[in-house]
Amino acid sequence: MKYKFYTTSEKAWDAMIEAIAGAQKSIFIEMYIFVDNTVRHDFFKILEEKAEKGVKVKIIIDSFGSLELSQKTIEKLKSTGVELLFFSYWLRHTHKKILIIDEKIAFLGGVNIHKLFQKWNDLQMRFTGPIVKSVIRSFAKSYLACGGKDPDILIYRKRKGILKKTDLRFLSHQQAKGNNLLKKHYKNRLNNAKRGIIIVTPYFAPHRWLMGVLHQAVLRGVSIEILLPRQTDHWIFDRVNYFYISKFYNLGVKFYLQEEMLHAKVMIIDGVEGMVGSQNIDPFSFNYNLEAGAFFRDEKMVKDLIKIIADWKKDSTVFSPEMYKRTWSDYFLAPIIRLVLSII
């Protein structure tokens with residue numbers, strides 16, 4: 001298996017465009033935000049060109065996340081033979097960021113397509129090998145949910161993923177609540193952590209079960225470090241982040257706040273197991289959204305991920321209580337946050 005990590009949106013876009021340009025048979029994309037305003041990275045033009053040359057192009061985008069996609073571009077895509085489907089369900093979104101080339105190469109992680117995200121620190125992973133079939137299976141389930149009818153894709157729904165133990169596993173969350181493999185895996189790995197937990201997330205609003213699991217880890221003497229952006233892309237998310245940062249800081253969790261926007265979703269357990277995916281640390285990612293993540297114990301992959309996080313730490317400030325000053329919005333948001341979390 002070959003792999004590579006991309007640590008900014010722009011670097012990931014470069015690699016994704018290159019992979020699309022090299023596609024010979026098929027291109028499958030499932031994306032939360034996928035809009036036509038990244039001028040230097042013209043995904044839509046190259047996708048149209050590929051479809052016109054006979055490459056099978058299937059795209060699933062979230063109807064809410066990709067509201068800005070122009071009708072003109074939608075019509076042009078369809079006229080060239082691209083099958084474009086919208087995932088549109090109340091309170092549910094496809095939050096996955098997946099690209100599959102020729103059923104042999106896969107990309108996944110936290111990277112969306114929008115000009116505002118170009119300079120963000122993020123993490124996208126490219127890999128090959130048998131596990132790509134599991135990514136296609138996840139795509140096929142979303143494809144069916146959106147009304148897709150291509151039998152060559154739908155057949156993957158019934159093909160079982162990799163069941164034997166491997167250095168790289170793919171897990172996805174497709175259903176609302178119920179059998180949530182991502183949640184189960186997070187809970188299992190966090191509960192079994194013995195030395196250290198590192199989490200990278202742009203938004204930190206843990207559900208009650210995750211608050212309990214992290215608290216128990218602290219009580220066991222496990223070191224917990226969480227990396228977040230000092231400022232997100234919205235002030236409400238900032239206030240929510242600091243609300244929970246202040247609570248967990250008092251429990252002994254160490255927070256690193258990066259000056260640049262940090263949108264990656266990463267977890268490392270005891271320095272031996274890593275995760276890269278699309279899920280944020282919030283109830284919607286674990287209960288409702290369609291999410292995808294790669295979990296691995298390959299020594300070199302984990303070391304590479306640890307180095308990436310170490311570089312991000314260098315550009316970060318360690319949180320201290322004086323950095324969080326309560327505002328009127330905190331007194332307004334706190335009870336709402338508690339109410340929402342108690343419901344979902």
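## Tyr-242 and its surroundings

Tyr-242 counts as buried, because its relative accessibility is 9% and the cut-off for buried is under 20%. The model you are looking at is a predicted one. The place of Tyr-242 is helix H8, which spans residues 235-249. Which residues touch Tyr-242 once its neighbours within four places in sequence are set aside? The contacts are Arg-230, Leu-257, Phe-319, Met-323 and Tyr-324. For a sense of scale, the C-alpha atom of Tyr-242 is 33 Å from that of Leu-99, a residue 143 positions away along the chain.

Helix H8 also has a part at the surface. Ile-236 belongs to H8 and is partly exposed, at 33% relative accessible area. Together with Trp-235, Phe-237, Trp-328, Phe-332 and Ile-336, Ile-236 makes a nonpolar surface patch of about 660 Å². Two elements, helix H8 and helix H11 (328-343), each give two or more residues to this patch.

Now to helix H2 and the loop before it. A negative surface patch brings together Asp-36, Asp-42, Glu-49 and Glu-52. Asp-42 sits in the loop that links strand E2 (26-31) to helix H2 (43-52), and this residue is partly exposed, with 36% relative accessibility.

Why is H2 described as largely enclosed by the rest of the structure? The reason is that seven of its 10 residues are buried. These are Phe-43, Phe-44, Ile-46, Leu-47, Glu-48, Lys-50 and Ala-51, so charged names such as Glu-48 and Lys-50 are included in a list defined by under 20% relative accessible area. The buried residues of H2 pack against helix H1 (9-21), strand E2, strand E3 (56-62) and helix H3 (71-79). After H2 comes Gly-54, with a positive phi near 100 degrees.

Positive phi values turn up in another loop too. Most residues other than glycine have a negative phi. Asp-102 nevertheless has a positive phi, and Glu-103, also not a glycine, has one as well. Asp-102 lies in the loop between strand E5 (97-101) and strand E6 (105-109), and Glu-103 is in the loop between E5 and E6 too. Here are the two residues side by side:

| Residue | Phi | Relative accessibility | Class |
|---|---|---|---|
| Asp-102 | near 55 degrees | 17% | buried |
| Glu-103 | about 60 degrees | 24% | partly exposed |

Asp-102 is thus classed as buried at 17%, whereas Glu-103 is partly exposed at 24%; the cut-off for buried is under 20%.

Methods:
Residues numbered from 1 in each chain as written. Predicted model: local features only at pLDDT ≥ 70, side-chain atom pairs only at ≥ 80, totals over all residues. Heavy atoms only, no water. Patch = residues over 30% accessible without salt bridge, like charges linked within 9 Å, V, L, I, M, F, W, Y side chains within 5 Å. Areas by Shrake-Rupley, 256 points an atom, 1.4 Å probe, with all protein chains shown as cover. Salt bridge = Lys/Arg side-chain N within 4 Å of Asp/Glu carboxyl O. Lys, Arg positive; Asp, Glu negative; His and termini not counted. Charge placed at Lys NZ, Arg CZ, Asp CG, Glu CD. Helix = DSSP H or I, 4+ residues; strand = E, 2+ residues; numbered from the N terminus. Buried < 20%, exposed > 50% of the residue type's maximum accessible area, 1.4 Å probe, protein only. Contact = heavy atoms within 4.5 Å.
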